Amino acid sequence: MVLIGGLAITIPLVVTAFLLTLKAKTTLEAEAQDRLAGITSKVVQMCRMNEEFAQGKLGKDAMVLRENFDRAGRVIPEEGKDFSVVDHTSNLTGSLATIFRMADTYMLRVATNVRRHDGSRAVGTTIGSDSPVFQANRAGKIYRGRNKVVNDWCATQYDPIFVNGKVVGVLFVGVKLQDLSSLRNVLAGMRAWTTGFTYVIDSAGKIVLHPKASADEDGSRHAPVAEILKKREGSIRYWWQGTDIIASWQYFEPWDWYIVSQVPARECFSPVQSIILFSVVALLACLTLGLATMYSYSRKVLGPVTKLADAADRLAQGDRSTHVEARASGEVALLVDSFNRLAVDLESTTVSKNYVNNILNSMIDTLLIVSPDGAIRNCNAAICSLLGYEEKELIGKSMESILGGDANGRGSIVEEVRERGFIRNREIAYATVQGQEIPMLLSASPMYGGAGDFEGVVCVAQDITIRKQAEENLARLGMAVEQAGEAVVITDPEGTIQYVNPSFERLSGYGRDEVLGKNPRILKSGKQNREFYQSMWNTIKQGKVWSGKLVNRNKEGSLFEEFAVISPVRDASGRIVNYVGVKRDLTHEIEMEEQLRQSQKMEAIGKLAGGVAHDFNNLLTVITGYCELILYGLPKHGPWRQEIEGIKHAADRAAAVTRQLLAFSRKQVFQLKDVNMNGVVADLDGMLRRLIGEDIDLQTSLREDLWNVRIDPAQIEQVIVNIVVNARDAMPEGGKLTIETANVMLDEMYVQTHLQVEPGPYVMIAIADTGCGMDEATRSRIFEPFFTTKEVGKGTGLGLSTVYGIIKQSSGYIWAYSEPGRGTTFKIYLPKVLRGEMEHASAVRGPAGSLPGGAETVLLAEDEGLVRELVIEILKQGGYSVLPACDGEEAVRIAGQHNGTIHLLITDVVMPQMNGRELARRMLASRPGIKVIYISGYTEDAIIHHGVLDPGMHFVQKPFRPGDLVRKIREVLDTPEVTA
């Protein structure tokens, strides 16, 4: 009975242990496969990271090879003759480098640092026309991809070389993938359990890396390898040389590799074998020692076994937290302990998976797992927080529904990944719950199941809002610097130029490509000494800002002055990493300052000249007046006539000088009319041709629809004649003289470079000669009174100063352009008359006749005694009755005492106590019929405004001749009154 009871107990225990062992083996085998798959995934990820690194590295290394090739003169060497360019590239970057010569049907390697296995250079290697590399380069395109170079897998890039638009060669750079990945070390560290290992085969079954076999050994004849090559990824269990093996593999497409990780099954099942061993020992002990006490212990044994069976059922149903709590001894206790350890191991596996989920939810970047139909299957906490969704709200939504921008027109991301294999670093936008778009940087890769079936897409995206804002700010800053009016230069701490903006190019004349990599000393003019630059460098190296003026030389060799501010730029650690120079061209300001100084100088000289001429006019009036009165009374051949005429001639010359000084100082009296300058030039044509002589060719270019200007015709004629005379003197051996008229608009840009010019429509008169020209020093003084380059006695130096005064008094502008040996051009700008009747009249010229007289009564008011006596004498000789007064108040008193008619008032304008205008007003009030003539040698008075008489005023300028005065008196007295 005890034996039967023992067998009854032992047999269920054995069966239970067997079932538990079988189930544990199944679980452990699945765990082993998952663990091996994780190892292969890590190796694949490592390869993918190195593939991406290789492609990025190639872009930089290709630039270095291109720069070395360009620096060497862009000459393709003969086969095997010159390796300097490729060797130098290898020393700089560590990459393989080659120069190919391109023929019609092949590419020939002529210079390379690629070595064969025997150490020799692989010169002479050809790439045929059937190669995609040849086809891409022949079409002028860059080829990038993975290729075998002398039996080594490499990431490669082939760049075509053009000559006259034709591809004549190819520049190659490559990186050995094994070198980049350090895959042997990676594989050595990727061990499963104790004796497991990881190896690599290619798609042909040849061994790439294996810890127990040589490279290139053909493994395709082995059944396990042949089975592995049938699918992209999976797991397998097989017997090899008497050993039960569990293996998992994954295909890495970019390198055409299969990553295989294997482990002996015995290592995976070692915990179960221990259970079996202990179970057998326990059973034997029970059979040997427990039969006698079976009955007493049967109740204690059956309870734990029952609990153990129940726990096994729960474990089989997926309850990984199952734990057996039972008092037991012997083999049952050992079985319970083994079961509990197995349950703990299985639970730790579940905890590991939860740990992975915790890691994913701790990611800063967003994670989406999308099913093949485009629906979101899983997500992490980062994307829920970013978009404002709950996890359950995102699950089941389509991927495209959370994309912003033009997502509908871009196509399905899932389909694109299915076709292309991956998406890397693409800028897209996610849309939040509120509809706000967030810029993201997306990478997506496919997921495949154990059978190689496409199961969806893993999308990882990074929020790049801050980066985009920084890029926009940087772009705005770049545009501001590029479009700044000041020149901007950025150098490194040694002074090497790293950036210049377009304003620098305009200022210096150098293009950006001409100055990058050079030192700003290329602009040095030699106008600053060494100590100046040393002080500048000492200041900025101390981290201080330097500012000051510099005289530099542009590309054409011309000097220019600029104001510069040079500031140090520091990094986060406070180290100076750059210098920024902002420069402002002072050329325009210097020119404007020079124009202002010249204008102020001319204004001061004008005031001085006007004051002198005013005082001198009174004296000349007396001298010339008495000379003419004496000459009227002398017989034609009488004594002293010649001497008196000499005095008069000298006085006339002095009067001419004062008139020129008044013209320069803009204190003449103008009789303004609306004039067309074409008519003035046409009327002067004959006189000018006689004036310049036959050896000078006079040509005119007159615009037909020329605008009118308001000027004194006689004065503008004097302007043209004076300039033409100067031009004639500048061409003693003949030449060409051109007079041109045109309508012009002086805009704001012109005004900015010409002081005191008002923008608007103007008539331009240009007078150009082909004479000897002037240097800058001479040109700056040509309008000054008494400045002349002619010999003593051949010029007064008042011709151009008179021109200057007339043009300025006419509200116009005059500029001279000249260079030694290249002639001179005067450009005159007179404002256009917007309305007004065109009228042209020349100055009245003719011989003086006899002095007209009359019998009318004239009231004379003149504070200068000598002038007053002269006028009295002139009037008496003309037969007039004269009432003289020394000032305005005396004139009013004399007029009040005179009972007869006073026909005419002659009054000086400027007098003490009461000026001439006030006297005339009072006389007209008391004697409405009286007529008025003003006399003055000074034009800044009450009846003249900017050199122009008020309408209806009659004026005689000092100095005057007796004939001029009496003719004016007769003209005024004989003019009938105009009644309203």
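Which residue lies over the face of Phe83? In this predicted model, that residue is Arg121, placed at 4.0 Å from the ring centre. A similar kind of arrangement turns up with Arg420, which lies over the face of Phe422 at 6.0 Å from the ring centre.

Arg121 also leads to another spot worth a look, since Arg121 is among the residues that Asn113 touches. Leaving aside residues up to four places away in sequence, Asn113 touches Val86, Asp87, Ser90, Ser95, Leu96 and Ala97 as well as Arg121. Asn113 belongs to the loop between strand S2 (106-112) and strand S3 (126-128). Is Asn113 buried or exposed? With a relative accessibility of 10%, Asn113 counts as buried, because the cut-off for that label is under 20%. Two of the residues touched by Asn113 are also met through backbone atoms: its side chain reaches the backbone oxygen of Val86 at 3.1 Å, and the backbone nitrogen of Ala97 at 2.9 Å.

Next come the aromatic rings. Over the whole structure, a search turns up 10 aromatic pairs. One of these is made by Tyr448 and Phe454, with 6.1 Å from centre to centre and 70 degrees between the planes, an edge-to-face pair. The two partners are not covered alike: Tyr448 is partly exposed, at 40% relative accessible area, whereas Phe454, at 17%, counts as buried. Another pair joins Phe532 and Tyr533, whose ring centres are 5.5 Å apart. The planes of Phe532 and Tyr533 stand at 90 degrees, so this pair is edge-to-face too. Phe532 is partly exposed, having a relative accessible area of 25%, while Tyr533 is buried at 16%. Elsewhere, rings gather into a group: Phe100, Tyr143, Tyr158 and Phe172 make up one aromatic cluster.

Helix H1, which covers residues 2-71, holds Lys57. Is this lysine, Lys57, buried or exposed? Lys57 has a relative accessibility of 18% and counts as buried, since that value falls under the 20% cut-off. Lys57 and Gly174 are 117 residues apart along the chain, yet 9.4 Å separates their C-alpha atoms.

Now for the strands. Strands of a sheet pair through backbone hydrogen bonds, and they can do so in a parallel or an antiparallel way. Strand S10 (residues 243-252) gives a good look at the antiparallel kind, as S10 pairs in that sense with strand S9 (residues 233-240) over 8 bridges. S10 also pairs with strand S11 (residues 257-264), again antiparallel and over 8 bridges. How many of the 10 residues of S10 are buried? The count is 9, so strand S10 is mostly covered. On the S9 side, Gly234 stands opposite Trp249 in S10; on the other pairing, Ser248 stands opposite Ser261 in S11. Both pairings are hairpins. The one made by S9 and S10 has 2 residues between the strands, and Gln241 in the turn has a positive phi of about 50 degrees. The hairpin of S10 and S11 has 4 residues between its strands, with Asp256 taking a positive phi near 60 degrees.

Further along the chain, 5 strands form an open sheet in the order S23-S25-S26-S28-S27, with mixed pairing. Which strands stand at the edges of this sheet? They are strand S23 (696-701) and strand S27 (813-818); each has a single partner strand, so one side of each is left without a neighbour in the sheet. From one strand to the next, the twist averages 15 degrees. Within the sheet, S25 (residues 735-746) and S26 (residues 760-769) run antiparallel and are joined by 10 bridges. One of the residues involved is Val744, whose bridge partner in S26 is Tyr762.

Two helices pack on this sheet. Helix H20 (residues 677-692) touches S23, S25 and S26, and its direction makes about 175 degrees with that of S23. Helix H21 (residues 713-729) touches S23, S25, S26, S27 and strand S28 (824-831). The direction of H21 makes about 170 degrees with that of S28.

How values were computed:
Residues numbered from 1 in each chain as written. Predicted model: local features only at pLDDT ≥ 70, side-chain atom pairs only at ≥ 80, totals over all residues. Heavy atoms only, no water. Buried < 20%, exposed > 50% of the residue type's maximum accessible area, 1.4 Å probe, protein only. Polar contact = N/O pair within 3.5 Å; in protein donor to acceptor, adjacent residues only side chain to side chain. Contact = heavy atoms within 4.5 Å. Phe/Tyr/Trp six-rings, centres within 6.5 Å; stacked < 30°, edge-to-face > 60°. Lys NZ or Arg CZ within 6 Å of the ring centre and 35° of its normal. Pairing = 2+ DSSP bridges. Axes fitted to C-alpha atoms, helices over the stretch in contact; angles between N-to-C directions.
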